[in-house]
Amino acid sequence: MITDREEIERVLQIGENILLEHPELYNMSLDDVLVKLDDGTEQMLHDRWGVTAWMVVKSLECFDVKNLVIQLSEIDSGILTYKYAGYLLQVKYQINLEEQILEADKCEKFDKIILYVNENIVFQSELNEQYIGRIINMIGNHTDNNFHRVFLVNYAKHIINMDAQ
């Protein structure tokens, strides 16, 4: 589980630098980029996900909650792309992940959007008390999802981080 903020930011910075040096990567699919950047080193096996996360975020056309759900749910990549892109959206673009997951539930896209929100919810900078009850009720509808328990643990950590327990 990627929960170290410094490591996430390091990978994203390297990913952004790679894209600046190789803008032609934007013309490739996410899968092709992952293959192209696989130089066999342990470091690049991890850092290439920062590239794909930036590619996802830079491809977004609209940042309102509903359109984000629609656009993000159409992305097909690996779990680290989703996690890093979710972090970018939250930290660099001030996207509220609580709103995002609630909208995903309404749009029946929970299974896709939870991948962006799951581990990143702990980094949310403020507590939105108006969402707590709705999120707890919502997650009860998704007990068949493999991530529902981890999300609840991470959401609880977020509440504790905000000293609101």
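Okay, so one term before we start: a residue is called buried here when its relative accessible area is under 20%. What we're looking at is a predicted model, and I'd like to begin with an aspartate.

That's D47, which sits in helix α3. Is D47 buried or exposed? Its relative accessibility is 4%, so by that cut-off D47 is buried. And what does D47 touch, if we skip its neighbours within four places in sequence? The answer is R10, V11 and I14. Take R10 from that set: D47 and R10 are 37 residues apart along the chain, yet their C-alphas are 8.6 Å apart in space.

Now to the core. The largest nonpolar core has 52 residues. Helix α3, residues 42-59, gives the most to this core, contributing 8 residues. So much for the helix that carries D47. Which residues have the most contacts inside the core? Those are I101 and F151. If you leave out anything up to four places away in sequence, I101 touches F110, I113, I114, V117, I135, M138 and F151.

Keep F110, I113, I114 and V117 in mind from that list, since they come up again in helix α7. Helix α7 covers residues 110-117, and it is largely enclosed by the rest of the structure, because 6 of its 8 residues are buried. The buried ones are F110, I113, I114, L115, Y116 and V117. And what covers them? Well, the cover includes α4 (65-73), α5 (79-91), α6 (97-106), α8 (129-139) and α9 (148-161).

Next, cysteines. How many disulfides does the model have? The count is 0. Let's take C62: its closest cysteine sulfur is in C107, and at 13 Å that is too far for a bond, given that a disulfide needs the two sulfurs within 2.5 Å. As for exposure, C62 is partly exposed, with a relative accessible area of 28%. C107 also counts as partly exposed, at 23%.

Last stop, the largest pocket, with a volume of about 180 Å³. Its lining is made up of Q90, V91, Q94, I95, N96, L97, F123, Q124, S125, E126 and N128. Sorted by class, that gives 6 polar, 4 nonpolar and 1 charged residues.

So, to recap: a buried D47 in contact with R10, V11 and I14, a 52-residue core with I101 and F151 having the most contacts inside it, and a largely enclosed α7. Happy to rotate the model if anyone wants another look.

Note on methods. Residues numbered from 1 in each chain as written. Predicted model: local features only at pLDDT ≥ 70, side-chain atom pairs only at ≥ 80, totals over all residues. Heavy atoms only, no water. Buried < 20%, exposed > 50% of the residue type's maximum accessible area, 1.4 Å probe, protein only. Helix = DSSP H or I, 4+ residues; strand = E, 2+ residues; numbered from the N terminus. Contact = heavy atoms within 4.5 Å. Core = buried A, V, L, I, M, F, W, Y, C linked by side-chain atoms within 4.5 Å. 1 Å grid on protein atoms, 1.4 Å probe; cavity = no way out; pocket = protein on both sides within 12 Å on 5 of 7 lines; lining within 4 Å. Points joined across faces, edges and corners; volume = space filled by probe spheres on them. Nonpolar A, V, L, I, M, F, W, Y, C, P; charged D, E, K, R; others polar.
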